[in-house]
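Subject: Structure handover

Hi there,

Here is the structure I promised to pass along. Have a look at it first, and my notes follow underneath.

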Amino acid sequence: NSQHSILTQKRTIITCWILVIDYFILAAFIQLQSVLIQARLLKAFLLLFSFFLITSCNSKKQDEPDPLKELPFSKALFVDADHPDILIGAFSGMAVDEQDHVYIADTKLQQIHKFSPEGDYVTSIGRKGKGPGEFDGLNPAIKIHKNQLFVLQNNAREIDVFNTQTNEFISTISLENIKIDNNPIGTPRNIFPTGNGTVIVSFVDPYFFKPKNGDAQKFISLSEIDLKGAFINKKLLQFPTPFPSNNKLVYMEENSISIFTADMYPDLKISSNNRTIVSAKSDSLQFTAYDMSGSKITEIRSQNSLVPFTETDLDSLRSKRGDKIIKAVNNTGKPNFWPAFEEFLIDAESRYWIKEYNPWSALQPWRILDKEGKAIWTVHLPSDIKLYPGEGGNAYAIHETPNGLAAVYKYSFEF
């Protein structure tokens, strides 16, 4: 019995050791399985993370805009400042007809000079005065549509119409100083002839001083009128007037008033190619296109980075234009950034030409968008010029000569 008892105890001990060994083997196996599972999970995670990185990089690469192509061009003198056939006062604006005749607004002599496609002087239209076909406050934003030249006169609140084939005066359109919703319509600033025999006029009700809380909102209104001056649609389009208005700062000091051009502040810009009207506030490259009846067609956005407006810019302003403009800026509020663009235009092929800001530089970059709104080209042109589109990739620009006179150059762009 004692031997049997000893054998039983030995068997029990062996069994216990076997169970202990099995436990550790099972625990090791479970641990190994856990490690393998974790390894598989880690491998799957790494694969998934790598796929995410690759996808993100590819997506980021796809989102990045293609680099703009430098647009080749040639430039040639079109009208010399010292022209042998005509006395030139101050060239301020241009328009080109379908036959490539160029019409140049001379705001000093209050005339419009016409030149052939080769740059030869043809004739001068109008003269200074207040009679039919005469100009008092000639606006340089002259327009041509269907063999008719439209000339806005700010002071007289009139539009004079001329025949571009005979160069003869046709009629005067008077612009009544009406109210819209009991608010003044403002001063006429620009005109856009339409294809149905009407004219869209841009009126600006400006702020002269910084608006205060509770002041009535002022507006820029686009009104459609017929060729007799009757308002067809007073409020075709309407936008809040920004402050400062028309990039002008007004500063009063001891019974004196100073007015400064303040292009460091954003403004509302409007352009048209006689088929669409496009508006944009110059603090971003966001453009809204409307048809000539005022219905929204599309919005176009282009990426841009704003240039900070710094104390160095203020110092440059002070050195160039005196202390009063600094006081005017301080009264208005110093902007944080320069505007995204200075001006834009729409050509006959519905391309957008955007003159971007590069402050204090002799050359300014122009960004050109195709008709779908995609930025394709860039070109760098002198900072003091404004382009006026012609036909077939041509454009014209007024250059100031070293002696302060105005010359016109023709640019040919190779799209």
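**Two helices and a pocket**

In α2, the buried residues (under 20% relative accessible area with a 1.4 Å probe, protein chains only; exposed means over 50%) are D313, L314, S316 and L317. They fall within an arc of 160° seen down the axis of α2, so they line one face of the helix; the arc is that of the directions from the helix axis to the C-beta atoms. T312 and S319, on the other side of α2, are exposed. Helices here are DSSP runs (H or I, at least four residues), as are strands (E, at least two), numbered from the N terminus.

A word on the source: this is a predicted model, where local features need pLDDT of at least 70, side-chain atom pairs count only at pLDDT 80 or more, and totals for chains, interfaces and linings use all residues. Residues are numbered from 1 along each chain as its sequence is written, and side-chain values use heavy atoms, leaving out hydrogens and water.

The buried residues of α2 pack against α3, with contact meaning heavy atoms within 4.5 Å. Just after α2, G322 has a positive phi of about 95°.

In α3 (residues 323–332), I325, I326, A328, V329 and T332 are buried. They cover an arc of only 160° around the axis, which puts them on the same side of α3. N330 and N331 are exposed on the other side. β17 (248–253), β18 (256–261) and α2 (311–321) are among what covers the buried residues of α3. G333 follows α3, and its phi is positive, near 115°.

Happy to chat whenever suits you!
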